[in-house]
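Please look over the sequence and the structure shown here before reading on. The paragraphs after them lead through a few parts of the fold.

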Amino acid sequence: MTRVLVLNCGSSSVRYRLYEGDEVLTKGLIQRIGEADGDAADHDEALRTLMDRLDLGGLTAVGHRVVHGGERFTASTVVTDEVLAAIEDLIPLAPLHNPGALTGLRVARKLLPDVPQVAVFDTAFHATIPPEGALWAIDSALAKQWGLRRYGFHGTSHAYVSRETARVIGKPVGEANVITLHLGNGASATAVRGGRSVATSMGMTPLPGLVMGTRSGDIDPSLIFHLHRVAGLSVDEIEDVLTRRSGLLGISGDNDMRAVQQRREAGDPDATLAFDLYCRRIREYVGSYLAVLGRVDAITFTAGVGENSPEVREHALAGLEALGIAVDPDRNARNELIISPDGSPVTVCVVPTEEELEIASEALRAVRSEGQPED
């Protein structure tokens, strides 16, 4: 039986899970790293702590979540010095996420020198999006020089959930057309044809697309110029507004959908507007991806909001009955696996995501493809 340790290293936290096969042996979180009252002084101490507390005997691989792989990494990759250098070169594309992953990779290589370390990229699943879906109509030389294209994110979630959806509806993965809706504090939609991503809502960064907890989602790019030239905001101030002070928070003052829904039920107009905008944006992307795919077998909700908010699921798909999309109120209220009525042309599902399990599976796949020995 194979054992894989999965690490998700952020700038101030480390999440971990230890798998034996598909079973979670243990999981945990080391947080507030580097803070006075934190769990560890730095990532080195954090990883030493968790490795001291875990039984890592017979470990086959360590899978690391890396948010951005750019154009270089289109699949999970066993880490070498050259791979580390390339991930470091990609920091400008993910300045908030890639540095933490790099730290985790370096420390884990030092502490477990005989165990393959595998970088599993959020962007890799979306490498199959065709050029007309990945590129923007801007100066092509400029785009090529600076890597300006749609990369997409939440790839491990969309990959896992789309495969599980195919299983739920009884279709081979290679024949299933699925729209996956990963709705959490960060949110994205993906069109999956035959197990391959062909369109996704996030772009070069996780900012565009759906309305999120604190991120704006899609905007008119000229808003940035206007805020700079007319309002006098600096580039850093505008970035802060769009990434940390927008989305649900910007409209309602709350970034948690649970709080927004409670206020909406009490008649709060700002919360009602935030909820309506959030659901409308999802509906717009569903309609767009229906056109991209041509035929849709299933629409699947996942992640914190997608798995737990019947209200969002109902309102996001409201009015689409003429397109074969409907939600059964009773099944939806019970958070059932299938929430569409029997016989619906498009099956609507609620499938819990298992991103860490997907990372573990990808780590094993990378090790086997490299021909590395397994304990």
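What follows is a walk through strands, a cavity and salt bridges.

The model is predicted. A good place to start is the open sheet of six strands, whose pairing is mixed. Read across the sheet, the strands come in the order β3-β2-β1-β4-β6-β5. The edges are taken by β3, residues 23-30, and β5, residues 77-78. Each of these two has a single partner strand, so one of its sides is left without a neighbour in the sheet.

Inside this order, β4 lies next to β6. Strand β4 covers residues 59-66 and strand β6 covers residues 117-121. The two run parallel and are joined by five bridges. One point of contact can be picked out by residue: Val66 has Phe121 in β6 as its bridge partner.

The next stop is a run of strands further along the chain. Strand β7 spans residues 177-183 and pairs with β8 in antiparallel fashion, through seven bridges. A hairpin of three residues connects β7 to β8. Within this pairing, Ile179 is matched with Ala191 of β8.

Strand β8 itself is made of residues 187-193, and six of its seven residues are buried. The strand is thus described as mostly covered. In a regular strand, side chains alternate between the two faces of the sheet.

On its other pairing, β8 meets strand β9, residues 196-200. These strands also run antiparallel, with four bridges between them. Arg193 stands opposite Arg196 in β9. The link here is a hairpin with two residues between the strands. Gly194 sits in that turn and has a positive phi of about 60°.

Where is there enclosed space? The count comes to one cavity of 30 Å³ or more. The space in the largest cavity is about 30 Å³. Its lining consists of Ser162, Ala166, Val173, Ala176, Val178, Val192 and Gly195. Sorted by class, five of the lining residues are nonpolar and two are polar, while none is charged.

Charged side chains come next. Across the whole structure, 23 salt bridges are found. One of them pairs Arg32 with Asp37, with 3.8 Å between the closest N and O atoms. Arg32 is partly exposed, at a relative accessible area of 31%, and Asp37 is exposed at 53%.

A second salt bridge lies in helix α11, residues 269-293. There the side chains of Arg281 and Glu284 meet at 3.8 Å, N to O. The two are three residues apart in the helix, so about one helical turn separates them. Arg281 counts as buried because its relative accessibility is 14% and the limit for buried is under 20%. Glu284 is partly exposed, with 39%.

A third example joins Asp342 and Arg331, with an N to O distance of 2.7 Å. This pair links distant parts of the chain, eleven residues apart. Arg331 belongs to helix α14, residues 329-333, whereas Asp342 is in the loop between α14 and β11, residues 347-350. Asp342 is exposed, with a relative accessible area of 67%, and Arg331 counts as buried at 19%. Beyond single pairs, Arg3, Glu20 and Asp55 are joined into one network by salt bridges that share partners.

Terms used
Residues numbered from 1 in each chain as written. Predicted model: local features only at pLDDT ≥ 70, side-chain atom pairs only at ≥ 80, totals over all residues. Heavy atoms only, no water. Buried < 20%, exposed > 50% of the residue type's maximum accessible area, 1.4 Å probe, protein only. Pairing = 2+ DSSP bridges. 1 Å grid on protein atoms, 1.4 Å probe; cavity = no way out; pocket = protein on both sides within 12 Å on 5 of 7 lines; lining within 4 Å. Points joined across faces, edges and corners; volume = space filled by probe spheres on them. Nonpolar A, V, L, I, M, F, W, Y, C, P; charged D, E, K, R; others polar. Salt bridge = Lys/Arg side-chain N within 4 Å of Asp/Glu carboxyl O.
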